Each structure stands twice: as C-alpha cells, then as structure tokens.
Amino acid sequence: MQYKTIVHELLLAQTELHEQLRLTRRLKPTLETCATELKASHEAWKERLSQDRPGSDSIQIASEAIELAVQELQDRLSSVFSPLDYGESLSLDAAMAYVKTHTSRD
C-alpha cells in the first residue's frame, strides 16, 4: 500500500497547509510521520474488523479499513489545521505534536 501517496494527496487537498509545510521544509517529515500513522491505523482497523467479522473476505476488510483510517487522518488534519482557513497562525510544532498524540490506537 502506498501510504505516502495517500497522505500526500490529503495534504495537497489542503493547499495552505501543504504550502506552509513546503516553505518551512517540513513537508517530507510530516508526510513520513503521517504515512507511518496511517499504516498503523490501517493495520489496527483491519484487526478490529477481522475480529468483528470472522470469515469475511480479507480484501473487503482491508478496503474498509483503509477508508476508515484515511477518514480519521482527514479529520485530524482538518481539526488540527483548520485555523489556517481563517488566516490565524498555527505553530507547526504544536500541530505535529497533536497529530502524534492523537494517532495511537488502544
């Protein structure tokens, strides 16, 4: 699975965030961090869905799991970086810390 590609597309959709990350040379580290977190979330969702639906098709489980993981990441990115939409400044370090602390799975 190309997690970095998925994350890059999500970041491209948020033009201001992408530009800020690019200008501050934080795009690649952010991309890599988010890709790692997306992979972990995808794996966790696959595990949960497999437990909830034993005997289900593994391809269907994986597909649904990536959809859920991507939606979680989109929600986090939107909530963390939404102040950019209103012209407010946001500490990139604070935002990355928030993403890192809100991506762990129980």
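Is Ser-63 buried, exposed or partly exposed? Ser-63 is partly exposed, with a relative accessible area of 32%, where buried means under 20%, exposed over 50% and partly exposed in between, for a 1.4 Å probe and protein chains only. The exercises below concern a predicted model, in which local features need pLDDT of at least 70, side-chain atom pairs count only at pLDDT 80 or more, and totals for chains, interfaces and linings use all residues. Residues are numbered from 1 along each chain as its sequence is written, and side-chain values use heavy atoms, with hydrogens and water left out.

**Exercise 1. Describe the overall make-up of the chain.**

Step 1. Five helices and zero strands are assigned to the chain; these are DSSP runs numbered from the N terminus, helices being H or I with at least four residues and strands E with at least two. Read from the N terminus, the order of elements is α-α-α-α-α.

Step 2. The chain has 106 residues, of which 34% count as buried.

Step 3. Consider the contacts in the chain with a separation of 6 or more: residues 24 or more positions apart account for 65% of them. Contact here means heavy atoms within 4.5 Å.

**Exercise 2. Identify the central members of the largest nonpolar core and the helices that supply it.**

Step 1. A nonpolar core is a set of buried Ala, Val, Leu, Ile, Met, Phe, Trp, Tyr and Cys residues joined through side-chain atoms within 4.5 Å. The largest one holds 20 residues, and Val-7, Leu-11, Leu-38, Leu-73 and Leu-77 touch the most other members.

Step 2. At least two residues of this core come from each of α1 (3–13), α2 (15–23), α3 (27–52) and α4 (58–81).

Step 3. Two of the central members can be followed outward, leaving aside residues up to four places away in sequence. Leu-11 then touches Leu-17, His-18, Leu-21, Leu-27, Leu-31 and Leu-77. Under that exclusion, Leu-73 touches Val-7, Leu-10, Cys-34 and Leu-38.

Step 4. Leu-73 is located in α4 and counts as buried at 1% relative accessibility. Its C-alpha atom is 8.7 Å from that of Leu-10, with the two positions 63 residues apart along the chain counted as their separation.

Step 5. As a general background, nonpolar side chains tend to be buried together in soluble globular proteins.

**Exercise 3. Determine how α1 and α2 are arranged and what residues form their contact.**

Step 1. The axes of α1 and α2 come within 5 Å and cross at roughly 110 degrees. Axes are lines fitted to C-alpha atoms, for helices over the stretch in contact, with angles from 0 to 180 degrees between N-to-C directions.

Step 2. The two helices α1 and α2 are therefore roughly perpendicular to each other, given that angles under 35 degrees count as roughly parallel, over 145 as roughly antiparallel, 65 to 115 as roughly perpendicular and the rest as oblique.

Step 3. On the α1 side the contact involves His-8, Leu-11, Leu-12 and Ala-13, and on the α2 side Thr-15, Leu-17, His-18 and Leu-21. These residues divide into five nonpolar, three polar and no charged. In this grouping, Ala, Val, Leu, Ile, Met, Phe, Trp, Tyr, Cys and Pro count as nonpolar, Asp, Glu, Lys and Arg as charged, and the others, Gly among them, as polar.

**Exercise 4. Establish the surroundings of His-42.**

Step 1. His-42 lies in helix α3 and is buried, with a relative accessible area of 2%.

Step 2. The side chains of His-42 and Tyr-3 make a polar contact at 2.7 Å. A polar contact is a pair of N or O atoms within 3.5 Å; within protein, one must be able to donate a hydrogen and the other to accept it, and residues adjacent in sequence count only if both atoms are side-chain atoms.

**Exercise 5. Compile the placement and accessibility of further positions in α4 and of Arg-25.**

Step 1. Ser-63 is in α4. Its C-alpha atom is 8.8 Å from that of Lys-46, 17 residues apart in sequence.

Step 2. Glu-67, also placed in α4, is exposed at 55% relative accessible area.

Step 3. Val-70 belongs to α4 and counts as buried at 16% relative accessibility. Not counting residues up to four places away in sequence, Val-70 touches Ile-6, Leu-10 and Leu-38.

Step 4. Arg-25 lies in the loop between α2 and α3 and is exposed, with a relative accessible area of 76%. Although Arg-25 is not a glycine, its phi is positive, at about 60 degrees.
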